[in-house]
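Visitor: Could you take me through one part of this model up close? I'd like to see how a single helix sits among its surroundings.

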Amino acid sequence: MKLEVQSAANFLVHILRLAQFNIKETTLQKFKENLIAEMYRSYRLRWFPENPVKGSGYRIIRINAYKIDPILVQAATKVRISLSILSNNMPHLILWINPFEVSYMMKERTYILYEYEEGQHDPWTPSSFSKNSKCCFIL
């Protein structure tokens with residue numbers, strides 16, 4: 001679960017960085033730490049590596065014009081990032097955090113952000129973005 005959750009948090013923070021809303025780097029790091037903690041808390045009882053699809057409905061982060069996922073709201077509130085910053089700067093997307101894979105849907109296309117490979121010990125980061133041809137991110 002560690003690499004999947006870190007990959008998802010790195011991705012969400014990367015989106016905020018791209019928005020160039022001048023959020024301090026220390027605030028973004030705290031936001032990421034809170035995201036990770038919230039995801040662990042929420043997913044720990046619904047994580048089944050032996051059956052990755054089981055519980056997947058509980059491991060979705062949705063961002064759209066009408067609602068921002070509660071995990072994002074809780075993490076942002078703890079570091080005083082306003083909800084208007086999130087709603088105005090996050091694209092509409094659905095992010096799935098499942099055992100061995102993190103994927104997202106944007107503009108009606110689905111992309112794999114992170115996929116487990118034998119011997120891989122690092123989560124997705126913006127620097128791995130160019131190496132991962134399966135992932136595409138356009139605001």
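Guide: Here is a walk around one short helix and the core behind it. Keep in mind that this is a predicted model. The helix to look at is α3, residues 70-78.

Start at its beginning. A side-chain oxygen of Asp-69 comes to within 3.0 Å of the backbone nitrogen of Ile-71 there. Moving along α3, you'll find four buried residues: Ile-71, Leu-72, Ala-75 and Ala-76. Look down the axis and these buried residues fall within an arc of 125°, so they line one face of the helix. Over on the other side of α3, Thr-77 and Lys-78 are exposed. Just after the helix, Arg-80 has a positive phi of about 60°.

So much for the helix itself; now for what lies over that buried face. The cover includes α1 (2-18), α2 (25-43), β1 (60-63) and α4 (83-89). A good residue to click on is Phe-31, which touches Leu-72, Ala-75 and Ala-76, among others. Its contacts also include Val-13, Leu-16, Val-79, Ile-81 and Leu-86, with residues up to four places away in sequence not counted.

Phe-31 and Leu-72 turn up again in the largest nonpolar core, which has 39 residues. Those two are among the residues with the most contacts inside this core, along with Leu-35, Met-39, Leu-95 and Ile-97. The elements giving two or more residues to the core are α1, α2, β1, α3, α4, β2 (93-98), β3 (101-106) and β4 (109-115). The largest share, nine residues, comes from α1.

Since α1 and α2 both help cover α3, have a look at how they meet. Their axes come within 9 Å and cross at roughly 145°, and the crossing is right-handed. Among the residues meeting there are Val-13 and Leu-16 from α1, and Phe-31, Leu-35 and Met-39 from α2.

For a last stop, follow α1 over to strand β3, where Val-102 is found. Val-102 is buried, with a relative accessible area of 0%. Its contacts, leaving aside neighbours within four places in sequence, include Glu-4, Ser-7 and Ala-8, as well as Leu-95, Trp-96 and Ile-97. Ile-112, Leu-113 and Tyr-114 are in contact with Val-102 too. Val-5 and Val-102 are 97 residues apart in sequence, yet their C-alpha atoms are 8.3 Å apart in space.

Key:
Residues are numbered from 1 along each chain as its sequence is written. This is a predicted model: local features need pLDDT of at least 70, side-chain atom pairs count only at pLDDT 80 or more; totals for chains, interfaces and linings use all residues. Side-chain values use heavy atoms; hydrogens and water are left out. Buried means under 20% relative accessible area, exposed over 50%, partly exposed in between (1.4 Å probe, protein chains only). The arc is that of the directions from the helix axis to the C-beta atoms. Contact means heavy atoms within 4.5 Å. A polar contact is a pair of N or O atoms within 3.5 Å; within protein, one must be able to donate a hydrogen and the other to accept it, and residues adjacent in sequence count only if both atoms are side-chain atoms. A nonpolar core is a set of buried Ala, Val, Leu, Ile, Met, Phe, Trp, Tyr and Cys residues joined through side-chain atoms within 4.5 Å. Axes are lines fitted to C-alpha atoms, for helices over the stretch in contact, and angles run from 0 to 180 degrees between N-to-C directions. A crossing is left-handed if the near helix is turned anticlockwise from the far one by less than a right angle, and right-handed if clockwise.
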